[in-house]
Amino acid sequence: MCCWITMGTDTNPRTKDCSWLAFHLALLLLLVGKQALAQIRYSVPEEVQDGTVVGNVAKDLGLDITSLIARRFRVVSESKDAIFEVNQNNGALYVNKHIDREELCQGSGACLMELKILVENPLEIHYVVAEITDVNDHSPSFPEKEQTFEIAEHTLPGKRFKLHTARDPDAGINSIRTYTLTSNEHFEINIRQSDAGKIPFLVLKKSLDREQKNKHTLLVTAVDGGKPPRSGTLNVSIIVLDSNDNRPMFSQEIYQISIMENVAISTSVFRMNATDLDEDSNGEVEFSLGKTLRRKVYDIFELDKLTGEIRVKGAVDYEENDVYELDVEASDKGTPPLTGECRVIIKIIDVNDNPPEIQVTSLSNTVSEDSKPGTVVSLITVRDKDSGVNGKIISLISNDVPFELKPSYKENTYSVVTKEFLDREEVSHYDITIKATDCGEPPLSTVKTLSIEISDVNDNSPHFDQNPLQFYLVENNVAGNSIFSVSATDKDLNDNAAISYHIVREESQSDVMSFLNINPDNGHISALKSFDFETVKTFQFQVVATDSGTPSLSNNVTVNVFILDQNDNAPVILYPVSSNGSAEGVEEIPRNVNAGHLVTKVRAYDADIGYNGWLLFSLQEVTDHSLFALDRYTGQIRTLRSFTETDEAEHKLLILVKDNGNVSLSATATVIVKLVEPREAFAASDVKSATKVDEEDNVTFYLMITLGSVSLLFIISIIVLIAMQCSKSTDYTSKYLQEANYDGTLCHSIQYRSGDKRYMLVGPRMSIGSTIVPGSHANTLVLPDRRRGSGEAHSVNLSDLLLCEMTSEWPLHVQ
């Protein structure tokens, strides 16, 4: 659909023109089919006042009048002073600058101006054509006020003399329509129609007689077709000369030649040739360029008056003018001289001397990374001042970027669009290099770079480097202090990467969770209470990391916390225990016992595990060192020799029981050994046996409860530890060394290896033959090595014993 709007008072010719135009447009639409697109066309006469409304372009384009300001409704012009502007309040297209059709368009063709109408949000570009119609504002004018002809008296009727051609910048009906001549009997006007316009000739219709009148004065009037018509005059003087009855003659009336643009200065392009049948001076010919040519022609070409050679005088530019018409005159030297005329048409052949130009009509510097493929980033227009193949342009994006050029229905107009999904985390900035190359030989290219920033979208969740997280916490931590921290990263930017942390709290979880607090800004986790290994050995919870994007994204991590034991429990003496609760006991043995007799056994336990629960016994005080010996590991007191009559009847032994923590804790027990005669010892044993039965029954009951509780905790710890080791991706092997021989006294150990670490589970009984290496400060345990054969032993540093627990069949640390 095309809109034709006319302005002015001359309606009949316009109506006829509109009918023809409508016919041609309908034919054009029928040919191009679906590819034809709507274009609005307006008509406005030149010389109208500034502010004259041409038409309501917003209404014709179907745009919402109320949104014009917000969408930046405007005319895009390459010049600073645009001839047309639009009113953003009502959508009217109005004249912004004085219009002179003759300045904008030369010739009699239609004067069309293509306007780019641009709106944004969304970005749209419309093309509107404004036709500048001519107004009869110029009068015809001759290049000179007077023209003189010298005509021989023998000139025959019918002889034509070319008059100065009047020029009228107006076009169409307002251009020159006719020439008139003052009434006379010898001359009349003859008009020849050419491509350049009407050329007037003065025609001799009756022979001249110099003796009757030697000079004639005529007035030539050029009249245009305006209403009212305008005119210009030329004074013509005719001087009658005596006979020189042959004029120079050219071989043809019109010559056509072609030259390349940018031809070198002084290059000869053509040589004129004219002949005169007269002799002597009447036959000598001189050449000259016509005096009515445009000034530019004299600056570019020159003619040698003797040889008739046309040479290049100035720069020849096809883009400035593609054809030149030269009027050449050949005059003899007769009296009067005779002149012949011809026209030389010089066509300029285009040379590919102009690279393409790239104009960015609109550009969005920032593109969101969630933009769909096909999102328009920029509009560009390319053009080339050359013509033909030299002006054909191939445009492309020369670098590897996720953008492409899509051509518009308008030739050499493109949209820069995304061709795939963008990811700011991979590439945050693109430089789009657009290359436009013409099809000339050699081709010329122009490159333009568009810088595009990719804006962030919250499309990445916080990420923990490891899941689950393992933390080891020493018991008896300071309440309120930070115990460890979690940290997550987010590939997004700004608020989309600002992470806050919180602990997942559920009603089904243990009470331990209520004593944990997390800093939401940095992930530091603090405990509001001190943990006790003997109460809680491990616990698990989840931390959620949430970013500040809209909508926010989150991720969680499982945190496994293992409480590490400290040596915070002193050994407890189980036997001997007196009635008042002190660790004192009295043992009566006969005097006749032999060396090695078991006097008694000191029993003790430590709530700690591993190295911290490893108990050692030592004699602090004894009345006679030669009588009694204490087993360092079992707590058994045995005689070293037989008693003699001189030995005292009562001996006091002070036993120190201490663990092997970094700062060892200890307890003491006192055993008083009384020597009695065999009969007394037998009687005393009967009396004590009844009392001891009840005590041992109570001790056994307490030991069973203790062993059951601790065994359950030990089994749980072993299961958790095995699960942790199995969940690790690193390959490992475990080697177990277990002793099958127990003596029911000290801790039994199971040693295994996992990766680079060694672990030892210490039970309540140690294999027979295990000894502490002398001089090792009780830090090295020697174990028999079954793999090497009997008799060989290998040492284990006690600092490597990490775990000490008990099972249902092992009375933990009971000596």
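This passage describes the cysteines and a nonpolar surface patch of the structure. The model is predicted, and local features therefore require pLDDT of at least 70, side-chain atom pairs count only at pLDDT 80 or more, and totals for chains, interfaces and linings use all residues. Residues are numbered from 1 along each chain as its sequence is written, and side-chain values use heavy atoms, with hydrogens and water left out.

A search of the whole structure identified 1 disulfide, the term denoting a pair of cysteine sulfur atoms within 2.5 Å. The bond joins cysteine 105 to cysteine 111, with an S to S distance of 2.0 Å. The torsion about this S-S bond is about 65°, so the disulfide is right-handed.

Solvent exposure was classed by relative accessible area (buried, under 20%; exposed, over 50%; partly exposed, in between; 1.4 Å probe, protein chains only). Within the disulfide, cysteine 105 is buried at 18%, and cysteine 111 is buried at 1%. Cysteine 342, at 5% relative accessibility, also counts as buried, whereas cysteine 439, at 33%, counts as partly exposed.

On the surface, Tyr472, Val474 and Leu564 form a nonpolar patch with about 260 Å² of accessible area together. Patches are made of residues with over 30% relative accessible area and no salt bridge (a side-chain nitrogen of Lys or Arg within 4 Å of a carboxyl oxygen of Asp or Glu); like charges are joined within 9 Å and nonpolar side chains (Val, Leu, Ile, Met, Phe, Trp, Tyr) within 5 Å. Accessible areas come from the Shrake-Rupley method with a 1.4 Å probe, and for residues only the protein chains shown count as cover. Tyrosine 472 is partly exposed, with a relative accessible area of 49%, and lies in strand S33, residues 469-474 (strands are DSSP runs of E, at least two residues, numbered from the N terminus).

Note on methods: Helices (H or I, at least four residues) and strands (E, at least two) are DSSP runs, numbered from the N terminus.
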